[in-house]
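This report is meant for a reader who is meeting this structure for the first time. It begins with the packing of nonpolar residues and then turns to a contact between chains and to the fold of one chain.

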Amino acid sequence: MSWKMWALKKSPWVFHVNTGACNNCDIEVLELLTPRFDVERFGIRLVGTPRHADALVVTGGVTRQAAPRLKEVYRQTPKPCVVFAIGACACSMGIFKEGYHMAGPVDKVIREEDPNAIIMYIPGCPPKPEAMILGVVKALSLL
Amino acid sequence: MSAATVGWYAFAFLVFPGFLFSLAGGLLASWVDRKVSARVQWRVGPPLGQPLFDVVKLLGKETIVPEGANRLVFLVAPLVGLAAATVVSTILWMANLFAVSFVGDLIVVVYLFILPPVSVMIGGFASGNPLAATGASREMKLILAYELPFLICLAVAIIRSDLSIHLVDIAARPVAGSVSGLLAFLVSLLCVQAKLGFTPFDVAEAETEIMGGVYIEYSGAPLAVFKLTQAMLLIALPVFMATVFLGGMHFSGWGILWAILKYLLVVVLVILIKNTNPRVRIDQAVGFFWKYMTPVGVLAAALALAGRAFGIPWL
Amino acid sequence: MADVLAGLRESLGGRILATESRSPRQTYVSVSCSDIPDAARCLFERLGGRLATVTGLDERDGIELLYHFCFDAERIVLTVKTKVAKPDPRISSITPFLPGAEWIEREIHDLLGVRFDGHPRPERLILADDWPEGVYPLRKDGRP
């Protein structure tokens, strides 16, 4: 495993993107980043711009309006980077599967931009912060 | 100049006590900062190597230069800050460890300390992003605000050391042991807080407001250089404060313990102020430094002059 | 409820087609679509009601619009409903005298395709920028 990936696993900085979520997953992600769950133990830090990010935390199924914007944010993130699809809607569109306004789940939209993207799924509606920590740690150990 | 001298200079600037030594100390200091902040917030905090992992990871990412940015200035600005931080750290450690000093090195140190914030500002302006320009203009106003009381407090230290601008001479006396010296120490502590870019004066890199401010377009290696500069300032500025105000750091015998304690005192004060205060607006920051800190500094200078004129040593 | 209904009858008279009381606090009044502005003006300006929202649904022979007015002091809801004929459903906008209806009328136009004549800003509100014109998702035959 290259030293870049090793370093990325030791210090993943996250940027949060909401592509049409109902905000439930966003609330749980924001709770995750509070001192109570202390993700700084893993080196995780919330950054304010995609240019500093290693991991994009994407919530919500991607709406038609948000799809080009999600691709733009992915382009702006320096590679190597990882995409975390948080919640049932991001993993598979969830209850909005038949919706007229959806462009697809997160992996379909990101793969249109970059077929080799690394995407990790943390299902739940919304996933508990403990589940998210477990998911992130497990996913990073698979890299 | 012989090859040995050149070699010795290169060693001093690049390895010890220059670049590598300050880097290691700076990364350790920034770990101390994050760990103490975590403990204050009742949580565990990052492991010891975390700042090093951050820097290594940033070096492994690609560097993206935005289209509208001035490519040369964008990429060179971080290096200017790093060079200034390296040189100033070398001068300070040489003065403390080996008593190597020259007339006017205090002035040189002050000038060099202005360069890292200015390089951040230039990098922000060269980014071609309106949010970066906002952050950079705030940084500019902040520099104007805190340099004034900072220099006045240094004037107090100069006055109390019999008008000497030799670092070694100033380091020989504990300036903070007098009334004017104590006032000057406290005022310059807050100026150092602003120079380091810590809350309550981190308006230039306000993550939640302007998405990273001056650093918004930086990624990869240039961002790593900025982080390294911040780490090195975290070791250079408290050492400077300890040298000028707390009577220098003498590394001989029991003096080693005293030296480390002085450094830790300044660092812990800075961290505690950082953790217990919210961020202020730029107009509040400028008002704070010009309306409150500057008069206190002028008062301290007046007391120092009075003490010198009337022969009162504790004034 | 009774005095609100009486006030409405005073304004509209025989133009009220039907009245239906689902519960003591909720009444539905049917009018024809050309009488909606008068009914809304009466309920809003004269009787002091508050437009809660406007809902719409596609009943194959026309689009039914329901204007829900709340009277908070009496704690009742009076709904004025009408059916706009397809194809090309059009109705007068109530935004000129009831500014709070501006966005809901834009949304109904986006999703059901009802044209509101006299609307100050008849622009797309909630559909995506690249959504095709003429496709109205909430119509029964409107899936793209």
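## Cores, contact and fold

In this predicted model, the largest nonpolar core holds 96 residues, and of these B:Ala157 and B:Ala236 touch the most other members. The element that gives the most to this core is helix H10 of chain B, which covers residues 221–245 and supplies 18 residues. Leaving aside neighbours within four places in sequence, B:Ala157 is in contact with B:Ile170, B:Val175 and B:Ala184, and also with B:Val244 and B:Phe245. Another core, of 38 residues, lies apart from this one, and among its members are A:Val58, A:Val106, A:Val109 and A:Ile110.

Where chain A and chain B meet, the contact takes 19 residues from chain A and 26 residues from chain B. The side of chain A that touches chain B is made up by class of six nonpolar, five polar and eight charged residues.

Chain C has three helices and seven strands, and these follow one another along the sequence in the pattern α-β-β-α-β-β-β-β-α-β. Some overall values for chain C are set out below.

| Property of chain C | Value |
|---|---|
| Span of the C-alpha trace along its principal axes | about 50 × 30 × 25 Å |
| Buried residues, of 144 residues | 26% |
| Contacts joining residues at least 24 apart, among those between residues at least 6 apart in sequence | 50% |

The radius of gyration of chain C is 15 Å, which agrees with a compact globule, because a globule of 144 residues would have a radius of gyration near 15 Å.

Note on methods: Residues are numbered from 1 along each chain as its sequence is written. Chains are lettered from A and ligands numbered from 1 in the order in which they are written. This is a predicted model: local features need pLDDT of at least 70, side-chain atom pairs count only at pLDDT 80 or more; totals for chains, interfaces and linings use all residues. A nonpolar core is a set of buried Ala, Val, Leu, Ile, Met, Phe, Trp, Tyr and Cys residues joined through C-beta atoms within 7 Å. A residue is buried if 20 or more other C-beta atoms lie within 10 Å of its own, exposed if 12 or fewer, and partly exposed in between; C-beta atoms are placed from the backbone. Helices (H or I, at least four residues) and strands (E, at least two) are DSSP runs, numbered from the N terminus. Two residues are in contact if their C-beta atoms, placed from the backbone, lie within 7 Å. Ala, Val, Leu, Ile, Met, Phe, Trp, Tyr, Cys and Pro count as nonpolar, Asp, Glu, Lys and Arg as charged, and the others, Gly among them, as polar. The radius of gyration is taken over C-alpha atoms; the globule rule is 2.2 Å times the number of residues to the power 0.38.
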